[in-house]
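Work through the exercises below with the sequence and the model open beside you. Try each task before reading its solution.

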Amino acid sequence: MGEAERGESAPRLRISFWCSNGHETQPSFASDATVPETWDCPRCGFPAGQDRDNPPDPPRTEPYKTHLAYVRERRSDEDGEAILAEALAKLRGEI
């Protein structure tokens, strides 16, 4: 039971992919399947391509930003002062 009943396996192709760190991985694909252009390297996680001499560039990761950092990108100090003054005026009942 089990393995003997599964039947014939599909013909396979082993394709080599290389990442920018020089790691090679060889996943197997069914011979009639479309092979993707990139494959994630199982050792480092970078994208790997089929061209050994020209592997894909690793993704650029942006550092974590706080909510305040995003607000400071959008607003100047003068805008912040005006918003704060308006909020304080509302709290004091002046508006």
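Accessible areas come from the Shrake-Rupley method with a 1.4 Å probe, and for residues only the protein chains shown count as cover. This is a predicted model, in which local features need pLDDT of at least 70 and side-chain atom pairs pLDDT 80 or more, while totals for chains, interfaces and linings use all residues. Residues are numbered from 1 along each chain as its sequence is written, and side-chain values use heavy atoms, with hydrogens and water left out.

**Exercise 1. Surface and overall form**

Task: Find how much area the protein chain exposes, and what share carbon and sulfur atoms supply.

Solution. The exposed area is about 8200 Å², and carbon and sulfur atoms supply 48% of it. Next, take burial: a residue is buried under 20% relative accessible area, exposed over 50%, and partly exposed in between (1.4 Å probe, protein chains only). Of the 95 residues, 17% count as buried.

Now read the secondary structure, where helices (H or I, at least four residues) and strands (E, at least two) are DSSP runs numbered from the N terminus. The order along the sequence is β-β-β-β-β-β-α-α. The radius of gyration of the protein chain is 28 Å, well over the 12 Å that the globule rule gives for 95 residues, so the chain is more spread out than a compact globule. This radius is taken over C-alpha atoms, and the rule is 2.2 Å times the number of residues to the power 0.38. Along the principal axes, the C-alpha atoms fill a box of roughly 85 × 40 × 20 Å.

**Exercise 2. One strand residue**

Task: Decide whether Thr 25 is buried or exposed, and list its contacts beyond four places in sequence.

Solution. Thr 25 belongs to strand S3, residues 24-25. Its relative accessible area is 13%, so Thr 25 is buried. Contact means heavy atoms within 4.5 Å. Outside its neighbours within four places, Thr 25 touches Ile 15, Ser 16, Phe 17, Trp 39 and Pro 42.

**Exercise 3. Salt bridges**

Task: Count the salt bridges.

Solution. Side chains of opposite charge can pair when their charged atoms come close. The rule asks for a side-chain nitrogen of Lys or Arg within 4 Å of a carboxyl oxygen of Asp or Glu. The count is 3.

- Glu 62 and Arg 60 pair at 3.9 Å, N to O; both are exposed.
- Glu 73 and Lys 65 have their closest N and O atoms 2.4 Å apart. Glu 73 is exposed at 51%, and Lys 65 is partly exposed at 28%.
- Lys 90 and Glu 86 pair at 3.8 Å. Both lie in helix H2 (residues 77-92), 4 residues apart, about one turn of the helix.
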